[in-house]
Amino acid sequence: MSSPRSRADGCVFVIFGASGDLTRSKLLPAIFNLCESGHLPDEFAILGVARPRIDQDAYRKQMREQVRQAEGEPLQADKWQRIEDRLYYVSGEFNDAALFDRLKTTLAEIRDRHHIPSNYLFYLAVPPDLFGTVGDGLATAGLTSEDEGWRRVIVEKPFGYDLESARKLNAELRRGLRESQIYRIDHYLGKETVQNILAFRFANGIFEPIWNRRYVDHVQMTVAEEVGVGKRGPYYDKAGALRDIVQNHMFQVLTLVAMEPPISFGGEDVRDEKVRVLHAVPPLTQDDVKRHVVRAQYDGYTKEPSVNTESRTETFVAMRLFIDNWRWAGIPFYLRTGKCLPRRVTEVVIQFKRAPLMLFRHTPVNSLSPNTLILRIQPNEGIALCFNAKVPGPFERLETVTMDFSYAEHFKTEPTTGYETLLFDAMIGDQTLFHRMDMVEAGWQAVTPILEHWQADSRSRLATYKAGSWGPSEADLLIERDGREWRE
Ligand code: BG6
């Protein structure tokens, strides 16, 4: 994000898992959008690698149809043709060394045909237990050595299942790759509104002075989804909301909201400050987990396809945490996320302290609403500032009004998949928006006490909530106990 470059390096983009959902719903549409906006050079090609034994023409046809569906509108023929002419496919088993030899030859041919420099961006859109296998296959075939050009590997989440498995996964990847070659993706960081948190905080002079414990009462973060687990039961039932959303997406947003100003917008400087936030989260005790973390399941979850009928996997989490540093000591951060909630919304609410003095005595005004700043990550991307204003008329009456900035209205842009920026950044070697390993570890460390407590507790009643509600009453209690309430 620090780069002023407008075109990616010439390279071959190699997708492992090229027949899967991610490729058709996010990766190829993102490549298509990058191509449309002129961010891809001519020296560019895509090579899909997957198990199905189909030929290249069939693959191209399938992708054309599926990307059209993902885009929801007919593809501009000339733009798509440009992608299709550069789209190749190789089938094989990822544990077969011969596949990687074939890949090597095919890559050389593709580069030759399109005059592409020797740069490869590998995307592992495969389950994590295959990361090591693919990494080893690439290394053995000599496809990770950077003697002639760069070699980068993007890995999809989840990065591990807990701290130990994340470390193991990392060790597997590191057998053939250096940290600077590994791009651990979190599509939340590709969202404009998430990146804008840094711009909002550090490109404006008026917010930073009040962005601290003296003026902020508390912070709320919500990641609500209307949908249930759908067909993702096999993955989700093992993961649950804490691993699926809190440990990665929410912690990323949290760190951007809470971090200190970095000394530059260089990748390492930004990530250094972000990881410090997670290191400052004090480990939760068993008692904290019992009192300040709520897990719940929506009614009917255990009847979802491929979900264990006895499952205790949480589809909702609400929690309170603190950041023990000079800026935030004593200020609660309330996080909540869930599936099957009333609507899809991701937002951060910074609630400021009330005005110190109630000057409106002997008037109909009997309480002052606190000011809130709402960072609307999605949908309806924007930022709102709520403050009190006098209602016109002879009486002293106040009403909370809103100053609103909307991306769609101002910039006239449509939200993108979030993958465009991330793929582009990987192609120019900017790791700012990718997870560094210490960050992954710090995230897992922060949730480990919760995971351990839940694992040990297989008997207590699991809270449930009605699909379409804002979660269980326990989540309301969590914040109401502190004299606050969720903003809805
Ligand atoms: C994914 C999770 O990482 O993010 C999904 O695995 C979730 O469970 C999705 O639905 C939400 O992403 P977005 O961009 O729709 O908020």
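A polar contact here is a pair of N or O atoms within 3.5 Å. Keep that in mind for the close-ups below, which all come from a predicted model.

**View 1. Around the ligand.** This close-up gathers the residues that surround the ligand: Lys157, His187, Tyr188, Lys191, Glu225, Arg232, Asp244, His249, Lys339, Arg344 and Gln378. Sorted by class, that shell holds seven charged residues, three polar ones and one nonpolar one. Look for the side chain of His187, where a polar atom sits 2.8 Å from an oxygen atom of the ligand. Arg232 also has a polar side-chain atom facing a ligand oxygen, at 2.7 Å. His249 joins in too, with an N or O atom of its side chain 2.7 Å from an oxygen atom of the ligand. On its own, the ligand has 400 Å² of accessible area, and the protein covers 81% of it.

**View 2. Asn248 in helix α8.** Here we zoom in on Asn248, which belongs to helix α8, a stretch covering residues 233-258. Asn248 is buried, because its relative accessible area is 5% and the cut-off for buried is under 20%. Its side chain reaches the backbone oxygen of Arg243 at 2.9 Å. If you skip the neighbours within four places in sequence, Asn248 is in contact with Lys157, Asp186, Arg243 and His435. One of these names may ring a bell: Lys157 is also among the residues around the ligand.

**View 3. Tyrosine rings around Tyr298.** The whole structure has 20 aromatic pairs, and this view picks out a couple of them. Tyr298 pairs edge-to-face with Tyr301, with 5.6 Å from centre to centre and 80° between the planes. Both Tyr298 and Tyr301 are buried. Tyr298 also pairs with Tyr465: the ring centres are 6.3 Å apart and the planes meet at 75°, so this pair is edge-to-face as well. What does the pair of Tyr298 and Tyr465 tie together? Tyr298 lies in strand β8 (residues 293-298) and Tyr465 in strand β15 (residues 463-465), so the pair links parts that are 167 residues apart in sequence. Tyr298 counts as buried because its relative accessibility is 2%, and Tyr465 counts as buried at 2% too.

**View 4. A cluster of aromatic residues.** For another look at aromatic rings, find Phe16, Phe94, Phe100, Tyr120 and Phe122. Together these residues form one aromatic cluster.

**View 5. Asp430 in its loop.** Now we turn to the loop between α12 (419-428) and α13 (437-456), where Asp430 has its place. Is Asp430 buried or exposed? Asp430 is buried, because its relative accessible area is 7% and buried means under 20%. The side chains of Asp430 and Thr432 are joined by a polar contact of 2.4 Å. Gly267 is 163 residues away from Asp430 along the chain, yet the C-alpha atoms of the two are separated by 6.7 Å.

**View 6. Two cis peptide bonds.** Most peptide bonds are trans, so the bonds in this view are worth a look. The bond from Lys157 to Pro158 is cis, with omega near 5°. Pro158 is in the loop between β5 (151-155) and α6 (163-174). The other cis bond joins Gln378 and Pro379, and its omega is about -20°. To find Pro379, go to the loop between β12 (372-378) and β13 (382-390). Lys157 and Gln378, which come just before these prolines, are both among the residues around the ligand.

**View 7. Two residues with positive phi.** Most residues other than glycine have a negative phi, and this close-up shows a couple that go the other way. For Ser306, phi is near 65°, which is a positive value. Ser306 is found in the loop between β8 and β9 (316-321). Where does Ser306 stand, buried or exposed? Ser306 is exposed, because its relative accessible area is 54% and exposed means over 50%. Asn380 has a positive phi as well, near 50°. Its place is the loop between β12 and β13, the loop that also holds Pro379. Asn380 counts as exposed because its relative accessibility is 51%.

Methods
Residues numbered from 1 in each chain as written. Predicted model: local features only at pLDDT ≥ 70, side-chain atom pairs only at ≥ 80, totals over all residues. Heavy atoms only, no water. Near = heavy atom within 4 Å. Polar contact = N/O pair within 3.5 Å; in protein donor to acceptor, adjacent residues only side chain to side chain. Areas by Shrake-Rupley, 256 points an atom, 1.4 Å probe, with all protein chains shown as cover. Nonpolar A, V, L, I, M, F, W, Y, C, P; charged D, E, K, R; others polar. Helix = DSSP H or I, 4+ residues; strand = E, 2+ residues; numbered from the N terminus. Buried < 20%, exposed > 50% of the residue type's maximum accessible area, 1.4 Å probe, protein only. Contact = heavy atoms within 4.5 Å. Phe/Tyr/Trp six-rings, centres within 6.5 Å; stacked < 30°, edge-to-face > 60°.
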